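Here's a quick briefing to read with the model open beside you. It takes the chain copies, then a sheet, then a pocket.

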2 protein chains.
Amino acid sequence: MDLDLLHRLAQPSQAKTLLFVMDGLGGLPGSNRMTELEEAATPNMDRLAAEGVCGLHSAVAPGVTPGSGPAHLGLFGYDPLRYDVGRGVLAALGTGEALSPADVAARGNFCTVDAEGRVADRRAGRIPTEECARLCDLLRDGVDLGDTDFLIKPVKEYRFLLVLKGTGLGPDLDDTDPQETGREPLAPRALNKDSEHTAAVVADFVEQAQRVLADQDPANMVLLRGFSSKPEWPLLPDVYSMRAACVAAYPMYRGVSRLVGMDVVDVEGGFEQELDALEAAWNDHDFFFLHYKKTDSAGEDGDFQRKTSLLEEVDALLPRILSLGPDVFCLTGDHSTPAVMRSHSWHPVPVCIRGRHVRPDRVTVFSERDCALGGLGPHFPSTQLMPQLMAHAGRLRKFGA
Amino acid sequence: MDLDLLHRLAQPSQAKTLLFVMDGLGGLPGSNRMTELEEAATPNMDRLAAEGVCGLHSAVAPGVTPGSGPAHLGLFGYDPLRYDVGRGVLAALGTGEALSPADVAARGNFCTVDAEGRVADRRAGRIPTEECARLCDLLRDGVDLGDTDFLIKPVKEYRFLLVLKGTGLGPDLDDTDPQETGREPLAPRALNKDSEHTAAVVADFVEQAQRVLADQDPANMVLLRGFSSKPEWPLLPDVYSMRAACVAAYPMYRGVSRLVGMDVVDVEGGFEQELDALEAAWNDHDFFFLHYKKTDSAGEDGDFQRKTSLLEEVDALLPRILSLGPDVFCLTGDHSTPAVMRSHSWHPVPVCIRGRHVRPDRVTVFSERDCALGGLGPHFPSTQLMPQLMAHAGRLRKFGA
């Protein structure tokens, strides 16, 4: 739904809303024909399902597997097809780097080029992250872009983040990554006039980087892609006139939350520390996004049993979360990560909303199969979730007389 | 769905369709955990549910509570976000005032201004409707706008309707209502060139009104908002090439029906008189919109038991309605008005369609929770209802070869 319309309908409320996202929640049946969530003993989630209204959502479109960024944007009510974040910006968010709208960010690879300058290995033999950090130090010291400042940060293995900071920078550039071996890196090419200066700066960066890295082995060159700038979107606190907080330990989720204007609460450590932080922040905000990461990691690892056990662990922590007394509570995931697929998937994601004015359905078990029979429907766009949470929180006035 | 496409697909048919709308039908559980509809003994509705296909619809978007105008437009197949009626026009419809497209309508408040002309009470102490009528008489007699005729009518308490009738009037004007006390009413401001003459006429009206009301207490000034003209939309009889009739006693529903081109049948009295009128009109039309108001009023009053009893009363009248033998019969509401909320709400609305070629589902009870399991789905846009009724009536030909 249109954020401008929601802003027009927004009204103040005292109600507190807690959106609890278990990353990669949705699953598929394993060897015993039950999904991770069906196999897990989750009495607290089931009680919630019995009291609330359930369903399944998906982020981008039926059949489309969302990445973490788009999946979370959908949950926050931003249509990922309309609110498109560049890969460079996503990488910056993932490292916790706050961008200004004038910056241009890109994802970088350290790669190996042969004596003729042709890419021999796009990932430089997947060098370890420590080596990546050392090479970033070399570039930081050895490259000078004149009027343009730059920031370079290791991400993981061969991957790094580059942020250009200056004036007159446009983000519309083709990748320098040729995407295959045996070819030279591509020259930076501006896609419009506003980005021509950036293309020159990037060409300068690449040339100097090649010189600085010439003697390194195996990572003696860089490839850049996903040039992009921080978008200027309507912000959640403005759309709904509320104080919104992100409680998440992982940089990516903190970054996406920052992008939509949430306050990002300090968290050191794991989920228990997130809960400490949530409790500490409870009085200061109206809307909370609480994020649990490990279910996704277990799914990506293909570890069905671990994902099941983690769901049981989270279930045991639910009473602690609910004891905060949110007026509106939503339990869901951002996307599915079935252990049998070892990856994100397109399957819709279970969701349950509990609140005073919820209309109950017949669902009494929080699982994929049961949620498909719920009042929210078996496959609704995740962008429709946030307006419904806001309705339950009394934050949307009537449309028309 | 697009009305142009539906018009392209429309074909003639002998079938008669009856859309029966119980206003504010949808509810929420009361003290005994059942909704109004679940608590009511409605054997005729349940039989209908067993024979037909059921589901739940909503008018504007999930989470958005519709007003009566948008809710009915949705039922008639007009997307309320696209077919946006101005507040002034809605007020005119509500009083039963037929507008020509050249008229400009506005909602008015009688208010109190202090000696410096600043608004002290936007509602003039909520003067009674009789006082409002007396002040309207004063303005009608005391104001002269030269070439522009005007019509002024009391609505309720401090609220009145103003309609300007003349040539060269445009509706795009800012409100004069400052929306807060302590400020002077705003000067009428045209938002485009076509409305500049209207702004001058309105300024003249406001100035004369202030003079006429100067000695009145407490209502000594007017505020105007929602300037708008009757929109020129595709009309239902044209879209589907059929004769459509509205059978409703309340002005608002007659007005919205007129807006989409229905014939409005004369009705004096309550629902039984509506049924008399429906029977009298049966041979002369192909499509009938029959409206029952009292369920909404009971919900707005927070009277759970009365709403339940009214549903039982309507249920007892269903055989009389069905004895007319509509080929396609649809039982639904325009929006939910749960007694526990004492207001319209965003919750989707039960619907059942019965017809010769309906594909039945597993629903055998007409209730919110049961309809959520129906073949029409637990949450479809109300604009999708009318095309389905027309399909069942044989009024839509195949799309493509």
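Copies here are superposed by least squares on the C-alpha atoms of residues with pLDDT of at least 70 in both. Keep in mind that this is a predicted model. With that in hand, chain B lands on chain A after a rotation of 122 degrees and a shift of 0.1 Å along the axis, with an RMSD of 0.3 Å.

**How the copies relate**
- The two copies are thus related as by a three-fold rotation axis.
- They use different surfaces, though: 6% of the contact residues of chain B recur in chain A.

**The sheet in chain B**
- Chain B has an open, mixed sheet of 8 strands, running β9-β8-β10-β1-β11-β12-β2-β13.
- β9 (263-264) and β13 (380-381) of chain B sit at the edges with a single partner strand each, so one side of each has no neighbour in the sheet.
- Strands β1 (residues 17-22) and β11 (residues 328-332) of chain B run parallel and are joined by 5 bridges; B:T17 stands opposite B:V328.
- Helix α4 (residues 68-75) of chain B packs on this sheet, touching β1, β2, β10 and β11, at about 155 degrees to β1(B).
- Helix α12 (residues 304-322) of chain B packs on it too, touching β1, β10, β11 and β12, at about 170 degrees to β1(B).

**The second largest pocket**
- Its volume is about 1,200 Å³.
- Of its 36 lining residues, A:R87, A:R107, A:V155, A:R159 and A:M252 lie nearest the centre.
- Elements of chain A that each supply at least two lining residues include α4, β3 and α9.
- The lining of this pocket has 17 nonpolar, 12 charged and 7 polar residues.

Key:
Residues numbered from 1 in each chain as written. Chains lettered and ligands numbered in written order. Predicted model: local features only at pLDDT ≥ 70, side-chain atom pairs only at ≥ 80, totals over all residues. Heavy atoms only, no water. Pairing = 2+ DSSP bridges. Helix = DSSP H or I, 4+ residues; strand = E, 2+ residues; numbered from the N terminus. Contact = heavy atoms within 4.5 Å. Axes fitted to C-alpha atoms, helices over the stretch in contact; angles between N-to-C directions. 1 Å grid on protein atoms, 1.4 Å probe; cavity = no way out; pocket = protein on both sides within 12 Å on 5 of 7 lines; lining within 4 Å. Points joined across faces, edges and corners; volume = space filled by probe spheres on them. Nonpolar A, V, L, I, M, F, W, Y, C, P; charged D, E, K, R; others polar.
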